[in-house]
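Biologist: Please show me the model, and then we can go through it by question and answer.

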Amino acid sequence: MEPILDIRGLTKSYSGGLKALDSVDLQVRKGEIFALLGPNGAGKTTLIGAVCGMVRPTSGTIHAFGLDMRRHWRAARQRIGLVPQELGFDMFETVDRQVRYSRGLFGRAPDEERITRILSALQLLDKRHDQIRKLSGGMKRRVLIAKALSHDPDLLFLDEPTAGVDVELRRDMWRLIGDLREQGVTIILTTHYIEEAEEMADRVGIIDKGRVLLVDEKEAMMARLGRTEARFALEHPLTALPPALAAYNLALADGGHTLVYRGGDGTGKGKAEVAAIARIMIEQGLYFRALDQKESSLEDIFVELMTEREAAA
């Protein structure tokens, strides 16, 4: 199946030599939720800007819906929605007029029922005649989302959509994303709340310093890069690791009161090794009061990759 978004060799260089994007290749499938993760300054917003026509690439190609964005930009852009990080409004306009204007801007015919459904889904219906300047920060963020949805996009970019908003809006936002996916909308999001990406995304891409480091199915990535960590709270402290446990990746912590295991490969090997370590400890008379075990989250994997990149730099 042809990807809904196909980016090849995309580069954006600025005077002075800064490369915000460095030969980026990325393909996004129709109907998926794709999470693009990276530290501040990694190139996430520049990449979105290039697709949405706000940043002119230095080189490379972008095809959306099979259309070359350089030659058919207007036709492709009409099918793309964007919720940007920054709030940008005419603060003296009403919510209703802002959303209607966005729909018309993309060549869509007026549709009162559609606008009402969007405002209702975002709990903006009772604010539709309010000036935007009178709204709270969270409500302004809701208006951004409504504007992005007003022209019924097939591809929706969410650039840090829940940054700095309340828990209620975050919950509403993710419920709406689930509804949009069921309707066939493809969603690309960037977020600092990596647990949200872990919960919602089908695939994950990691970008740093303008380069895409890794793209994979979320579950496959966590299976391949995930690790098991276990902490044994010992009844009696140790001064050295027992020879019987030499085959395992263990270390002493808390002055010898805690035995720490880190290992596995996301396939269940780590859990099996923790069970084997526990059995050996009991056989050796090395008793423990508690065992705390956890599997890597997507955030753990992300942090480890970034740490390794910094160490190698």
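**Pockets, sheets and packing**

Modeller: This is a predicted model. The lining of the largest pocket has 15 residues, and those nearest its centre are A50, V55, R56, P57 and R70.

Biologist: Which element gives the most to the lining of the largest pocket?

Modeller: Helix 1 (44-51) and strand 4 (59-64) each supply at least two residues of that lining. The lining divides into eight nonpolar, five polar and two charged residues. With four residues, the element that gives the most is strand 4.

Biologist: What is the volume of the largest pocket?

Modeller: The pocket in question has A50, V55, R56, P57 and R70 nearest its centre. Its volume is about 290 Å³.

Biologist: Which elements give two or more residues to the lining of the second largest pocket?

Modeller: The second largest pocket has a volume of about 250 Å³. It is lined by 15 residues, with L82, P84, S102, F106 and K147 closest to its centre. The elements that give two or more of the lining residues are strand 6, helix 3 (95-105) and helix 5 (137-149).

Biologist: How many residues of the lining of the second largest pocket are nonpolar, polar and charged?

Modeller: Among the residues closest to the centre of this pocket are L82, F106 and K147. The whole lining divides into nine nonpolar, four polar and two charged.

Biologist: Strand 4 lines the largest pocket. Which residue stands opposite D6 in strand 4?

Modeller: Strand 1 pairs with strand 2 (residues 19-28) in the antiparallel sense over six bridges, strand 1 being residues 5-13. On that side, D6 stands opposite Q27. Strand 1 is also joined to strand 4 by five bridges, again antiparallel. In strand 4, the residue opposite D6 is H63.

Biologist: Which residue takes a positive phi in the hairpin of strand 4 and strand 5?

Modeller: Two bridges join strand 4 to strand 5 (residues 67-68), and the strands run antiparallel. A64 has L67 as its bridge partner in strand 5. Two residues lie between the strands, and the positive phi, near 60°, is taken by F65.

Biologist: And which residue takes a positive phi in the hairpin of strand 1 and strand 2?

Modeller: These strands pair over six bridges in the antiparallel sense. Their hairpin has five residues between the strands, and the residue with a positive phi, near 100°, is G16.

Biologist: Six strands form an open sheet. Why is one side of strand 6 and of strand 10 left without a neighbour in the sheet?

Modeller: The order of this sheet is 6-7-8-3-9-10, with mixed pairing. Strand 6 (80-83) and strand 10 (211-217) have no neighbour on one side because they stand at the edges, each with a single partner strand.

Biologist: What is the average twist from one strand to the next in that sheet?

Modeller: The sheet is open and has six strands. From one strand to the next, the twist averages 15°.

Biologist: In which sense do strand 7 and strand 8 pair, parallel or antiparallel?

Modeller: One bridge pair is D159 with T190 of strand 8. Five bridges link strand 7 (residues 155-159) and strand 8 (residues 186-190), and their sense is parallel.

Biologist: At what angle does helix 10 run to strand 9?

Modeller: Helix 10 (residues 298-312) lies across strand 3 (33-37), strand 9 and strand 10. Its angle to strand 9 is about 25°.

Biologist: Which residues make the contact of helix 8 with helix 10?

Modeller: The two helices pack at an angle of about 60°, with their axes 10 Å apart. The crossing is left-handed. The contact residues are M221, M222 and L225 of helix 8 and L298, I301 and L305 of helix 10.

Biologist: Four strands form an open sheet. Which strands stand at the edges?

Modeller: The order here is 12-13-11-14, and the pairing is antiparallel. Seven bridges join strand 11 (residues 228-234) to strand 14, with A290 of strand 14 as the bridge partner of A233. Each edge strand has a single partner, so one side is left without a neighbour; the edge strands are strand 12 (250-253) and strand 14 (288-295).

Biologist: Which helix lies across strand 11, strand 12, strand 13 and strand 14?

Modeller: The helix runs at about 20° to strand 11. It spans residues 269-283 and is helix 9.

Methods. Residues numbered from 1 in each chain as written. Predicted model: local features only at pLDDT ≥ 70, side-chain atom pairs only at ≥ 80, totals over all residues. Heavy atoms only, no water. Pairing = 2+ DSSP bridges. Axes fitted to C-alpha atoms, helices over the stretch in contact; angles between N-to-C directions. Contact = heavy atoms within 4.5 Å. 1 Å grid on protein atoms, 1.4 Å probe; cavity = no way out; pocket = protein on both sides within 12 Å on 5 of 7 lines; lining within 4 Å. Points joined across faces, edges and corners; volume = space filled by probe spheres on them. Nonpolar A, V, L, I, M, F, W, Y, C, P; charged D, E, K, R; others polar. Left-handed = near helix turned anticlockwise from the far one by under 90°.
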